[in-house]
Amino acid sequence: SCVWLTIFALFRGLAFILLVLHPVCGDVSYSMPEEMKRGSVIGNIAKDLGLDLGRLSARKARIDTEDNSVKYCGVNLNTGELIVQERIDREGLCAKKTSCVLKQELVLENPLELHRVSIRVQDINDNSPQFKEESLKFEIHESADKGARFLLDEAHDGDIGENAVQGYSLQQNDHFKLNVNTKAGGRKYGELVLDKELDREDKKEIMLLLTAFDGGSPQRSGTVVIHVTVLDANDNVPVFRESPDCCLMEQSPSPALISLLITQMLTAQELYAALTTMTHT
């Protein structure tokens, strides 16, 4: 009988110790948008947990964290409301995770009592799409075929879901159109597609504006300039502007006369093309 009494006393003592060390009495969950102003009310935690509002101050009610991290929330001891105490930035807390839950604890003393508080932080459209570079530069030969494609850099957005990048648009122009594709993870990217052949003699450089936009409300967007340099192709044959009538003296140095004729009859650009052709023949 003494053994049973001893065992009973041990179990009773162990139960008391566990009660003291783990006084978790219940959990409560809330949902809130990120970036709420300091002092904003998340919910009435005293009411939701059935606590005596008049004893919150005497029991030193406060919000604590499980890992001694930032205390984003506080308790109004007069009203029992859970309020925003520090800036809550979803991207800073959870980056690109789909679910973002902030965990805090409500602590009360006399007797010691803990309540776990889970706050689901919702994304708001507080970031605009951005391109890494100030401009996207391409060098394209004027001989490029219609339908040629050129991959464009993606725009990045700190937000998720509908608030992330949803599409692109290209400034209206005579030569290019935009093709928008979707990657396996759902990210959008664009391709510049040559819709009309280029002619360097007509236009040496083309400037276009590419816009990335998200699906948030209000909608946000970001832009980047596309700078296309049209490279020359050997698609023009040197041509004399007129057929000159001249005669060569038997003793004249032919190279000098040829040079004189070319200089008089060709422009500087045509002269260069003519000399290049002569060099390779």
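Buried means under 20% relative accessible area, exposed means over 50%, and partly exposed lies in between (1.4 Å probe, protein chains only). The model is predicted, with local features needing pLDDT of at least 70 and side-chain atom pairs counting only at pLDDT 80 or more, while totals for chains, interfaces and linings use all residues. Residues are numbered from 1 along each chain as its sequence is written, and side-chain values use heavy atoms, with hydrogens and water left out.

**Exercise 1. The chain as a whole**

Task: State how many helices and strands the chain has, and what share of its residues count as buried.

Solution.
Step 1. Helices (H or I, at least four residues) and strands (E, at least two) are DSSP runs, numbered from the N terminus. The chain has 5 helices and 16 strands.
Step 2. With the cut-off for burial given above, 33% of the 281 residues count as buried.
Step 3. Contact means heavy atoms within 4.5 Å. Take the contacts between residues at least 6 apart in sequence: 65% of these join residues at least 24 apart.
Step 4. Confidence is given as pLDDT, the predictor's value for each residue, from 0 to 100. Its average over the chain is 84, and 73% of the residues score at least 70. Over residues 13-22, pLDDT stays under 50, and the model has 1 contact beyond four places in sequence for this stretch.

**Exercise 2. An open sheet**

Task: Find the strand order of the open sheet of 4 strands, and explain why strand 9 and strand 12 each have one side without a neighbour in the sheet.

Solution.
Step 1. Two strands pair if DSSP finds at least two bridges between them. The order in this sheet is 9-16-15-12, and the pairing is mixed.
Step 2. Strand 9 (135-141) and strand 12 (165-170) stand at the edges; each has a single partner strand, so one side of each lacks a neighbour in the sheet.
Step 3. On average, neighbouring strands of this sheet are turned by 25 degrees against each other, direction ignored. The axes behind such angles are lines fitted to C-alpha atoms, for helices over the stretch in contact, and angles run from 0 to 180 degrees between N-to-C directions.
Step 4. Look at one pair in detail. Strand 12 and strand 15 (residues 205-214) run antiparallel and are joined by 5 bridges. Across this pair, Tyr168 stands opposite Ala212 in strand 15.
Step 5. Next to strand 12, the loop between strand 12 and strand 13 holds Asn173. Asn173 has 21% relative accessibility and therefore counts as partly exposed. Its C-alpha atom is separated by 7.7 Å from that of Leu208, 35 residues apart along the chain.

**Exercise 3. A hairpin**

Task: How many bridges join strand 13 to strand 14, and which residue of their hairpin takes a positive phi?

Solution.
Step 1. Strand 13 (residues 176-182) and strand 14 (residues 188-194) run antiparallel, with 7 bridges between them.
Step 2. One bridge partner can be named: Asn179 is matched with Glu191 in strand 14.
Step 3. The hairpin has 5 residues between the strands, and Gly186 takes a positive phi near 100 degrees.

**Exercise 4. Salt bridges**

Task: Explain why the pairs Glu86 and Arg38, and Arg59 and Glu113, tie together parts that are apart in sequence.

Solution.
Step 1. A salt bridge is a side-chain nitrogen of Lys or Arg within 4 Å of a carboxyl oxygen of Asp or Glu. The structure holds 8 of them.
Step 2. In the pair of Glu86 and Arg38, the closest N and O atoms are 3.5 Å apart. Glu86 lies in the loop between strand 5 (81-84) and helix 3 (90-94), and Arg38 in the loop between strand 1 (24-33) and strand 2 (41-44), so the pair ties together parts 48 residues apart in sequence. Glu86 is partly exposed because its relative accessibility is 32%; Arg38, at 58%, counts as exposed.
Step 3. Arg59 and Glu113 meet in a salt bridge at 2.8 Å, N to O. Arg59 lies in the loop between helix 2 (45-49) and strand 3 (62-64), and Glu113 in strand 7 (residues 113-122), so this pair ties together parts 54 residues apart in sequence. Arg59 and Glu113 are both buried.
Step 4. Salt bridges also link Glu35, Arg87 and Asp89 in a network.
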